[in-house]
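Got the viewer open? Let's take a walk through the structure, one selection after another.

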Amino acid sequence: MRRGLVVSLVAILVVAFGSLGATALAGNAPQLGLDLQGGASVVLRPKNQVSQGVLNQSIEIIRNRVDALGVAEPDISRQGSNIIVQLPGVKDQERALDIVGQTAELRIRPVLAPVPISETETPPTTTTTVPPTTTTVAGAPPSSAPPETTPTTIAPPVEAGGAVKTTTREEDLPDQEVVLPEIDGGEVIARYRLGPSELTGKAFRSARAEFDQSQGWLINFSLTGDGAKSFGDLTTKYQGQQVAIVLDGVVRSALNINEPITEGTGQITGRFSQGEARDLALVIRFGALPVELAPETVQTVSASLGKDSLRAGVIAGVVGLGLVLLYMVVYYRALGLVVLLGLSVWASLMWVIVSFLGETRGLALSLAGAVGIIISVGVTVDSYVVYFERLKDEIRAGKSIRASVDRSFSRAFRTILTANFSAFMGAALLYWLTVGSVRGFAFFLGLSTMLDVVVSYFFTRPLVIMLGRNRIFTEARWLGVARGLAAPGAGVGARPVGPAAQ
Amino acid sequence: MSAEKRSIWQRLYNGETSFDFLSRRRLWLCLSAGVILVGMASLGLRGLNFGIDFRGGAAWEVEAPGVSVGDARDALTPLGLDDAKIQILGGDTLRVQADPEDRSRRDEVSATLAELAGAPVGQVSVNDVGPSWGDEITEKARNALVVFLVAITLYITLRFEWKMALATLAALVHDILVTVGVYSLSGFEVTPATVIAGLTILGYSIYDGIVVFDKIDENTKGLAASGRLTYGGMVNLSLNQVLMRTLNTSVTALLPILSLLIVGGQILGAVTLQDFALALLVGLAASAYSSIFIASPLLALLKEREPRYATIKQRIQAKGTSGPLTPAAAAAGGFGATGPAGGGEPNRGTTATKTTPPARPTANRPPPRPRKKGKRR
């Protein structure tokens, strides 16, 4: 029993302060939310009803845009039918929000020539590297589909030395000649010089990935009435050449036009995997249904305001905590010091977990979250109060301190568990059911409730039980536990008194 | 231990109080009903002062030392923001709040304010909210609240019993109505921070209630089973037993909140902190009150209708008035915390507690409630 207590106490101290040391050594610290470090956040809502797939596609597009901006820890997530973009620490907030909020448009551009991937790389020696082998064929029943891609022979890059820059987003205008990349897995796998846009995604009615026995995964698409005519013209004009499907400044696929498609339906074949086919179908469908995102809320916080809020929160928290501890020590004496130690274990675990989650999961500590933590100090201290008041009850009933510490813990712990469970349940529900800052708040409140239970059991219990067995602590004049616990006269607490001790 | 000489604080500290929380329960309930009624009347007449996160609109904030409200108004009038609300916060932070129609001029206003403050545009913080955003968060918060109440009711029903769940629910509704009423009466702005704080208060309120009910639950198996106390008397005893804990918890919860309100909000000028703290303060007061004066009396009211407790009450009343028992006396008598259930130790009560007559009509004694397995050690 006694040994178990020591082990528990040592273990939690090692875990708490060891991990705190490790966190400090690794240079990790809680990630600050944008209201504490400055930044921009926008909630975007589609103007019309869209499917989840389309929404996810939009998120991917926004993510690409944000990555291009070079924001350190962007957080782009979907909540309900809204997209929430958080850009902490972003410098040029207005521009960032403008770029994020742009509507993406699917464009079909003729491929003029492939361009070497990067100017630093040596240009390809030959022109045989024709990117993803995709083919369009006419006619919905694709029985007569030509096999495979026809390796096209396109002239080598126009500029010698390959000093061709990829067109920036601002310059990616429909009526301009542009150079755009094709990206796979975050890497540029090809670049193309493309002519002005000939058609937008509005021409498409639908697109679906399907499996064909002879050709594997392919995409069947259909066109709108106007779209069919334009697409017919386009495919007639560029028969035997390549056109590129471009979405948001990225070439999604370069297609060889094998024959004119005038029927309003067509097919894209190639060596697609199922995923690739699905993605491409989605891109085309997405283009068919342009998602216009309207900013629902826009919030920018200047770095200095964020710093002020952080400072105010920290100072208010420290002052509040100091007052609580002072009160505890005055009221419970030595046991008040237990609260002090317990809270430092709690705080150190909190710091470690928040830092860890910030590092690995991008969890950001917002102002609401910080308030949640400050508030939960109250709930945490309450656990000590419940226990110590229980202890007073027992001692008043004539038990010795030694006998009481253990018994009252098991009883008080039930109360603590019940109460903390309900508090945790509340926090969890808030987290699942709400949006925005309420979630951050609920997360930290729930986390601190859990930590409270852990600290109560593994730290407070063994420490108080051991203190209760130590004469120095129970009898000391000023810090004596007995005094703090209102035992009948300091000192007598160490021996059992009263008739009720069984 | 002569209690007469002790101050109320010493009595509190030593668990020798015997406040009668229940005898005036009609008064407490009427008091609350009155406060709620006034609040609801105000809600109907004036409604709530919703912040821009609910109504839609835009707010700008920039550090502008030496710029007065008048300067800001002069600069903004050409932009058509005549109705904008302009404040100076925490000394030198200029805050401008405008209606949803002015959202389109967001960037212009930012530029104007930056010029006024002599700072780059990046130093202007903007919060721009569309008109339907508020509906969405309101709806979400309402759903969360309903699910939360249902879940808590279920949990308390399972953990204790449905009457306690009902009493808790009543206390929660009381807290919500009082807080809303105070916000309507005072015209404090309702922001998302307020909503968060309100939801926290519910957590506190339940937490408080559960600590009291846990004690009642425990006492039910000890004292009440002996037939010496009415259920109401037992609830009263339990309240006195946890009184010090309630006070301590309220103090420890209040200190950080006051610190947020005064240090964070007033001295350092962080508006959000102030929003949080204000709602917390109002709600905390309501919940501390309701756990003692609403939930517990209501529980006693409900329970004393049960035949078992009704007979005890009748019998005790027939013998004369039963004064409230002090926790210390109950503990000395071997009740409460862990003592044996039926110990006949004479009461060392500090008030004129009517102690049990030695000859108890054991025949009339109701059978003790069956104990649940593993409930006590």
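Before the first click, one working rule: a salt bridge here is a side-chain nitrogen of Lys or Arg within 4 Å of a carboxyl oxygen of Asp or Glu. Keep in mind, too, that you're looking at a predicted model.

**Stop 1: a pair across the chains**

Select E218(B) and R390(A). These two form a salt bridge, with their closest N and O atoms 2.7 Å apart. That distance falls inside the 4 Å cut-off, so the pair qualifies.

Keep E218(B) selected and add R411(A). There is a salt bridge here as well, the closest N and O atoms being 3.0 Å apart. This one runs between chains, from helix α8 (residues 192-226) of chain B, where E218(B) sits, to helix α10 of chain A, home of R411(A). Is E218(B) buried or exposed? E218(B) is buried, with a relative accessible area of 4%. R411(A) counts as buried too, because its relative accessibility is 10% and the cut-off for buried is under 20%.

**Stop 2: the whole interface**

Zoom out and colour by chain. Five salt bridges are counted between chain A and chain B, and 16 residue pairs are in polar contact across the interface. On the chain A side, the elements giving two or more residues include β2 (39-46), β15 (293-301), α9 (367-396) and α10 (401-433). Which element should you highlight for the largest share of that side? Pick α9(A), which brings 18 residues.

Now show everything in contact: 77 residues from chain A and 73 residues from chain B. The size of an interface is often given as the accessible area lost when the parts come together. Here the area buried between chain A and chain B is about 6600 Å², and carbon and sulfur atoms give 61% of that. For the chain A residues that lose the most area to chain B, click I375(A), R396(A) and T418(A); together they make up 8% of what that side buries.

**Stop 3: along helix α9 of chain A**

Stay with α9(A) and select T380(A), which is found in this helix. T380(A) is buried, since its relative accessible area is 2%. Draw a distance from the T380(A) side chain to the backbone oxygen of S376(A) and you get 2.8 Å. What does T380(A) touch, leaving aside its neighbours within four places in sequence? Its contacts are L343(A), W346(A) and D452(A).

In the same helix, select E389(A) and K392(A), three residues apart, about one turn of the helix. They form a salt bridge, with the closest N and O atoms 3.4 Å apart. Both E389(A) and K392(A) are buried.

**Stop 4: a long-range link in chain B**

Hide chain A for a moment and pick K163(B) and E306(B). Their salt bridge has its closest N and O atoms 2.7 Å apart. The pair links distant parts of the chain, 143 residues apart: K163(B) is in helix α7 (residues 162-186), while E306(B) is in the loop between α11 (271-303) and α12 (307-318). Both K163(B) and E306(B) are buried.

Now bring chain A back and select R390(A), R411(A), R159(B), D214(B) and E218(B). Salt bridges that share partners join these five residues into one network. Over all chains, a search of the whole structure finds 18 salt bridges.

**Stop 5: out to the surface**

Switch to a surface view of chain B and select L254(B), L258(B), I262(B) and I267(B). They make a nonpolar surface patch of about 330 Å². L254(B) lies in helix α10 (residues 243-267) of chain B, and at 30% relative accessibility L254(B) counts as partly exposed.

**Last stop: each chain as a whole**

Switch to cartoon and look at the two chains in turn.

- Chain A has 13 helices and 16 strands. Of its 502 residues, 53% are buried, and its accessible surface comes to about 21600 Å². Among contacts between residues at least 6 apart in sequence, 75% join residues at least 24 apart.
- Chain B has 13 helices and six strands. Of its 377 residues, 55% count as buried, and the accessible surface is about 15900 Å², with 61% belonging to carbon and sulfur atoms. Residues 24 or more positions apart account for 77% of the chain B contacts with a separation of 6 or more.

Key
Residues are numbered from 1 along each chain as its sequence is written. Chains are lettered from A and ligands numbered from 1 in the order in which they are written. This is a predicted model: local features need pLDDT of at least 70, side-chain atom pairs count only at pLDDT 80 or more; totals for chains, interfaces and linings use all residues. Side-chain values use heavy atoms; hydrogens and water are left out. Helices (H or I, at least four residues) and strands (E, at least two) are DSSP runs, numbered from the N terminus. Buried means under 20% relative accessible area, exposed over 50%, partly exposed in between (1.4 Å probe, protein chains only). Contact means heavy atoms within 4.5 Å. Accessible areas come from the Shrake-Rupley method with a 1.4 Å probe; for residues, only the protein chains shown count as cover. Patches are made of residues with over 30% relative accessible area and no salt bridge: like charges are joined within 9 Å, nonpolar side chains (Val, Leu, Ile, Met, Phe, Trp, Tyr) within 5 Å. Buried area is the accessible area (1.4 Å probe) that two parts lose on being put together, summed over both. A polar contact is a pair of N or O atoms within 3.5 Å; within protein, one must be able to donate a hydrogen and the other to accept it, and residues adjacent in sequence count only if both atoms are side-chain atoms.
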